[in-house]
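Reader: I would like a close look at one part of this chain, the disulfide and the strands and side chains around it. Please take it step by step and keep it plain.

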Amino acid sequence: VQLQASGGGLVQTGGSLRLSCAASGSFFSINAMSWYRQAPGKQRELVAIITSGGSTNLADSVKGRFTISRDNAKNTVYLQMNSLKPEDTAVYYCNVIFYRARDSGSFASWGQGTLVTVSS
């Protein structure tokens with residue numbers, strides 16, 4: 001599975017961005033889709049996750065500001081980011097858990113990362 005992320009950029013404090021990540025390739029189904037981020041000098045952290053059934057979970061630091069959604073017909077996950085803060089500056093990575101076949105185990109794939117910079 002290949003993941004193509006887009007939507008990052010430079011935005012001022014309080015602004016909004018929408019990230020997209022489209023999955024392509026050969027697979028049976030996709031389970032969870034998620035967004036991680038990694039700021040300079042820090043470890044990669046989970047920002048938001050959405051299951052195949054649509055249940056979501058967000059990091060406390062982004063609750064009330066970020067929304068994760070997915071379009072299963074397009075194999076795409078989105079991250080709507082509002083009220084952005086300088087501390088949201090990071091490279092954002094998408095991740096999907098997928099199955100190669102009906103009876104296969106699960107696999108993980110990472111996108112290439114998209115840079116979000118929030119200026120103060």
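Author: The model shown here is predicted. A search of the whole structure finds 1 disulfide, and that bond is the place to begin.

The two cysteines are Cys-21 and Cys-94, with their sulfur atoms 2.0 Å apart. The disulfide is right-handed, because the torsion about its S-S bond is about 55°. Cys-21 belongs to strand β3 and Cys-94 to strand β9 (residues 90–99), so the pair ties together parts that are 73 residues apart in sequence. A disulfide is a covalent bond between the sulfur atoms of two cysteines. Both Cys-21 and Cys-94 are buried.

Next, the strand that carries Cys-21. Strand β3 covers residues 17–24 and runs antiparallel to strand β1 (residues 2–6), with 5 bridges joining the two. One point on this pairing is Gln-2, whose bridge partner in β3 is Ser-24. Strand β3 is also joined to strand β8 (residues 76–81), again antiparallel, by 6 bridges. Here Ala-22 stands opposite Thr-76 of β8. β3 is thus paired with β1 and with β8, and through Cys-21 it is tied to β9.

The nonpolar side chains come next. In soluble globular proteins, nonpolar side chains tend to be buried together. In this model the largest nonpolar core has 30 residues, and the members that touch the most others are Trp-35, Val-47, Phe-66, Leu-79, Met-81 and Tyr-92. At least two core residues come from each of β1, β3, β4 (29–38), β5 (45–50), β7, β8, β9 and β11. Strand β9 gives the largest share, 5 residues.

Phe-66 can be followed outward from this core. Leaving out residues up to four places away in sequence, Phe-66 touches Arg-37, Val-47, Leu-58, Leu-79, Gln-80, Met-81, Asn-82, Leu-84, Asp-88 and Tyr-92. Two residues on that list, Arg-37 and Asp-88, bring in the charged groups.

The structure holds 4 salt bridges. In one of them Arg-37 meets Glu-45, with the closest N and O atoms 2.7 Å apart. Arg-37 has a relative accessibility of 7% and so counts as buried, whereas Glu-45, at 36%, is partly exposed. Another salt bridge joins the side chains of Asp-88 and Arg-65, at 2.7 Å from N to O. This pair links distant parts of the chain: Asp-88 is in the loop between β8 and β9, and Arg-65 is in the loop between β6 (56–58) and β7 (66–71), 23 residues apart. Asp-88 is buried, with a relative accessible area of 0%, and Arg-65 counts as buried at 11%. Arg-37, Glu-45, Arg-65 and Asp-88 are linked in a network of salt bridges.

A further salt bridge gives a contrast in burial. Lys-63 pairs with Asp-60, the closest N and O atoms being 3.2 Å apart. Lys-63 counts as partly exposed at 47% relative accessibility, and Asp-60 counts as exposed at 65%.

Back on the strands, Thr-114 shows how β11 meets its surroundings. Thr-114 lies in strand β11 (residues 114–119) and is buried, with a relative accessible area of 10%. Its side chain reaches the backbone nitrogen of Gly-8 at 3.1 Å. Apart from neighbours within four places in sequence, Thr-114 is in contact with Ala-5, Ser-6, Gly-7, Gly-8, Leu-19, Ala-90, Val-91 and Tyr-92. Of these, Tyr-92 is also among the core residues that touch the most other members.

Val-11 adds another view of β11. Val-11 is found in strand β2 (residues 9–12) and is buried, at 13% relative accessible area. Not counting residues up to four places away in sequence, Val-11 touches Ser-16, Leu-17, Leu-84, Thr-117, Val-118 and Ser-119. Leu-84 is on the contact list of Phe-66 as well. Val-11 and Gln-80 are 69 residues apart in sequence, and their C-alpha atoms are 13 Å apart in space.

To return to the starting point, the disulfide joins Cys-21 to Cys-94, both of them buried. Of the strands that hold these cysteines, β3 pairs with β1 and β8, and β9 supplies the largest share of the core.

How values were computed:
Residues are numbered from 1 along each chain as its sequence is written. This is a predicted model: local features need pLDDT of at least 70, side-chain atom pairs count only at pLDDT 80 or more; totals for chains, interfaces and linings use all residues. Side-chain values use heavy atoms; hydrogens and water are left out. Two strands pair if DSSP finds at least two bridges between them. Helices (H or I, at least four residues) and strands (E, at least two) are DSSP runs, numbered from the N terminus. A disulfide is a pair of cysteine sulfur atoms within 2.5 Å. Buried means under 20% relative accessible area, exposed over 50%, partly exposed in between (1.4 Å probe, protein chains only). A polar contact is a pair of N or O atoms within 3.5 Å; within protein, one must be able to donate a hydrogen and the other to accept it, and residues adjacent in sequence count only if both atoms are side-chain atoms. Contact means heavy atoms within 4.5 Å. A nonpolar core is a set of buried Ala, Val, Leu, Ile, Met, Phe, Trp, Tyr and Cys residues joined through side-chain atoms within 4.5 Å.
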